[in-house]
Amino acid sequence: MFIVIFVEHRRELKVELKKNQDYLQSIILSTPDIISCLDKEGYHLDVWRDESNEHFPKEIVGKNIDEIFPKENVEKIRYHLNRAFKLKKVEFFEDRLIFPNETRYYEVRMNAIDGDKAIVLARDITDKKTVEQDIKAKNKELELMHNQLREQNEEQELLLDNINTQIWYLQDIERYGAVNQAHADFIGAKKEEIYYKSLYDILPTNEAEICIKVNKEVFEKREAVYSEEWIINAQGEKRLLAITKTPQFNKEGRIGCIICSGEDITEHKLLEDKLKSLNQEYETIFNNTKDAIFLLDVIDGQDFVFQRVNKIQEDLTGLSTEELQGKSLEDIFGKEIGEVVGVNYKECVEKREVITYEESLDFFEDSKTWLTTLFPVIVDNEVIKIVVSSRDISRIKEVEERLRYSEERYRGLLETQNDLIVRVDINNRFTYVNDAYCEFFNRKREELIGNSFTDFIDETKLKRQVMITIEKLKNPPYRVNLEHKFISNHQEYWIDWESYGIRDESGNIIEIQGVGRNITELKLAQQRAEEANQAKSEFLANMSHEIRTPLNSIIGFSQLLLEEERDYNKIEKLKTIVNSGEHLVEIINDILDFSRIEARKIELEKVEFSFKELLLEIKNMFWLNENKKGLDFVLDIDDSLPERVWADKYRISQIIINLLSNAFKFTTKGRVKLACSYDQEFIIKIEDTGIGISDEKQGKVFSAFEQVDSSISRKYGGTGLGLAIVKRLVDLMAGELTLKSQLGQGSSFIIKLPLEVLEDSNKEDNGQGGFNEMVKGEKMIERWLAFDLEIKDLTLKAIKELSDRITKLEEAVKSAKKEKIETIAHKLKGLAANFNMEEVYKIAAKITDTARSDDFDLEIIKLDLEELKNILSIIPAHYLSAKEENSFKVLLAEDERLNQLLIKEILKNFKLEIKTVSNGKDVLDKLEKDKYDLLLLDIQMPIMSGLEVMEEIEVDIPIIAITASVEKEVAEKCLVLGCKDYITKPVDKDRLREVIKRELKI
């Protein structure tokens, strides 16, 4: 059974194999390829090919490839056959077989099978090769033609890129083709960046749309179109291009592209516009000028023919341009006038330059004076035309004649004057002097006119003064007064000059005129009066010194006795002595000040100073008065007040002190207030609650030696000069002083001073932080004291305790003992609460709470302690307690023995070691041998004065000057030479003690 099945299966396989062989055979016979089977040696085992293929007959079966193919073909076939067996992959190559009558090309594939056989497929590709060779030959020919065309294009492109005309072509109405270099440079791009781009990609939208509009016109008209288009170039400039766009047609008659050429005609266009504008201007001027203008042709250099005239000339002659054209001068003006006029025209032709002249002509029954100007038109060095401009100046001539007559009259008036009259131009050259000037200065008019004014001034100082005056006259108000002295023939003269600037219609100075008057007699009288005033002032100063010296002892010792005496009757008598002495000092001071003011010897001496500091100094000065009379003295400094000013500090201080002195003198209860603010000017207000002044008496109080009534003088004393001095000082500063008062209610004096504020004076700190702190401290103390006026003295004592309390707290903090810190802080808190010391209370309370808390933080307490010390630092020194023991050495230089005793007595409670000397030389000797902490130096001493001592002194020592002089100059010189302060006699014991405490810090 098994054998039957096997045989049956084998038969089926044979049948199937036969089908496959037949199928394979049909494939082989239907393909044009030659299929053969080779062994490794190259023998043909079989071959399959088209029967019609005569080059591979059936007989090649069994033959080796060496027997069939040429040698060069065999080597190639054998090489690929070996590779096919070795690599076991299909080998592919092309080969050429040369047969007797033809050459054929084959594409060969070899594939090794069964390890010893290879199937070879050879496809005849001769026809393909032939086509390829034909194509290659044609391509070579085309490449040659392309190269020739490219060379031609490069030559054309080189030619186009080297011309200034912009060339480009457009593929359609809105797309570029190619461009030349000129157009690419104009656009500001590379040529390659423009090729085949849309106009919208290259140009701004509005420009692209204008171009496209013209391009559409070319397509519609099918002809060249010219246009002028504004296009922005690479530099951002708007340029005008004259563009011609020409259509190019293809074989079908359609527009294939548009060739464009453009020229930049911007400059040409501008020139055209400018020429057109000039022509318009020329026509406007020609036809609208008030001058008669006409144009003449020059014939052979001597004959002149009218070409054109303007409207004025037409009206003058009564002839139009058409009627005048082509006619000569004689034809128009007549022979006689024509010849006269022709002379000037011939001169213009000969000289070839502009000629101007005046002429009086009688024609057309009218006589007029003309100002004529001839302008030659020169071409090739030859005058071909003359432009004539004539102006009727007859009226001007009449005015000039009247002016000449007027000047003659004016000059005659000047010459009869006794005053010296002189005029100079802006270069200081004389243009006019009258006879009086020449006679006075013994000069001739001829040697002055045209020469420099300043060359005749011998004194350098005067010359400089005159030059400054002349410069001032060149500016508003164009008027200056000047007095000057000169010596002539050994005699002294004074001239008062009133000078003013003479200006033209534009306001420019063209001349300066001076009128001088001889004021020699007036100056001599003034000099005699000043000498008399000087003698009076010296007498008063000497008398003041002589009176002050004994008064110093009388007042000083009386004040010291008052401090010690307990007997009421004696105290009253001593007070009378002191008051009388002080009253006498006030009288002397007022008389001296008023004398200087009346003699006009007071000049404002401006310095830079802090206005706030000045107010605080004055506040401290009157602090003792406040305590003596039980008055409240309030200082109110507004935040608007500038810090630094440029003004006369001494005189401002004098004004305020005088008014405050009056306020304290006439106020027995209530308060005195000093307020200061700023609103474009400094506003100082001094108010009191004193006796007041009635309305009818207020107008008198600023007059010299005036009192409201005689009872005032009897009760309060005074000369009636204080307010007069204040008023004159305020006037001297260009300020304003006003008074508001009610009888029995008090008075208010308001001073407004236009002082110069220094730059940046209101800025925070400004280097004046200390002054601001002083103001802050004063205001803080005033608030504490004002809380309860009945316990004011207790409050002052509490303030003195602050320093010791804070020092003890600092020591406790250093020891870091919590309980001790809490106890001292709590006591400080209680002190502050009792006397409304709000700032101290808040910090002391914080320290107390921190010390009591479980989170005891010493660093926080240290920070709070620093705040307390800061508060202490801004409290003015005179509110704090002084040290009790001192070991300071003081040298007192005073020639009057009584004054030595007085000063020692005043300072005895300070326990100072005071050495005395009686002349300046001994001062220098003492300072050389021993060391002192302070020098009290009298200014007027024998052998060597105090000022001379200060100039010679070499050691570093604080100096306090003591002087009987109240002259401001003396005080200022002391400060310049290094004094810390100065005290005037009679010595004010309280002020002396304050200065000593301040300088020695006791």
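# Definitions at work in a predicted model

Student: Why does D291 count as buried?

Tutor: Its relative accessibility is 9%. Buried means under 20% relative accessible area, exposed over 50%, and partly exposed in between (1.4 Å probe, protein chains only). The value for D291 falls under the cut-off, so D291 is buried.

Student: What kind of model is this, and which residues count for local features?

Tutor: This is a predicted model: local features need pLDDT of at least 70, side-chain atom pairs count only at pLDDT 80 or more, and totals for chains, interfaces and linings use all residues. Residues are numbered from 1 along each chain as its sequence is written, and side-chain values use heavy atoms, with hydrogens and water left out.

Student: Where does D291 lie, and which residues does D291 touch?

Tutor: D291 sits in the loop between α9 (266-288) and β11 (292-299). Helices (H or I, at least four residues) and strands (E, at least two) are DSSP runs, numbered from the N terminus. Setting aside residues up to four places away in sequence, D291 touches N310, I312, S389, S390 and R391. Contact means heavy atoms within 4.5 Å.

Student: What makes the pair of D291 and S389 a polar contact?

Tutor: Their side chains come to 3.5 Å. A polar contact is a pair of N or O atoms within 3.5 Å; within protein, one must be able to donate a hydrogen and the other to accept it, and residues adjacent in sequence count only if both atoms are side-chain atoms. The D291 and S389 side chains make such a contact.

Student: Why does R175 count as partly exposed?

Tutor: The relative accessible area of R175 is 31%. That value lies in between the two limits, so R175 is partly exposed. R175 belongs to strand β7 (residues 175-179). Its side chain reaches the backbone oxygen of Y196 at 2.9 Å. Beyond four places in sequence, R175 touches L170, Y196, K197, S198 and L199.

Student: Why is L924 called partly exposed?

Tutor: L924 has 22% relative accessibility, so it counts as partly exposed. L924 is part of helix α31 (residues 920-929). Leaving out neighbours within four places in sequence, its contacts are M944, V949, E952 and I953. The C-alpha atoms of L924 and E952 are 8.0 Å apart, across 28 residues of chain.

Student: How many disulfides does the structure hold?

Tutor: Zero. A disulfide is a pair of cysteine sulfur atoms within 2.5 Å. The closest cysteine sulfur to that of C257 is in C260, at 9.0 Å, which is too far for a bond. C257 is buried all the same, at 17% relative accessibility. C348 is buried too, at 0%.

Student: What makes α22 largely enclosed by the rest of the structure?

Tutor: Twelve of its 17 residues are buried, so α22 is largely enclosed. Among them are I652, I655, I656, L659, L660 and F664, and also R651 and N658.

Student: What span does α22 reach, and what span is expected?

Tutor: Helix α22 (residues 649-665) reaches 24 Å from its first C-alpha to its last. The expected span is 1.5 Å times one less than the number of residues. For α22 the expected value is 24 Å, and the span is close to that. At the start of α22, a side-chain oxygen of D648 comes within 3.1 Å of the backbone nitrogen of R651.

Student: How do you know that β19 and β20 pair?

Tutor: Two strands pair if DSSP finds at least two bridges between them. Nine bridges join β19 (residues 491-503) to β20 (residues 509-518), so they pair. The two run antiparallel. D496 has R517 in β20 as its bridge partner. Five residues lie between the strands of this hairpin, where G507 takes a positive phi near 90°.

Student: What is the strand order in the open sheet of three strands?

Tutor: The order is β21-β23-β28, with antiparallel pairing. The edge strands are β21 (607-610) and β28 (756-757), each pairing on one side only. Four bridges join β21 to β23 (residues 644-647). V607 stands opposite A647 in β23.

Student: How much of the chain is buried?

Tutor: Buried residues make up 40% of the 1002 residues. The chain has 34 helices and 33 strands.
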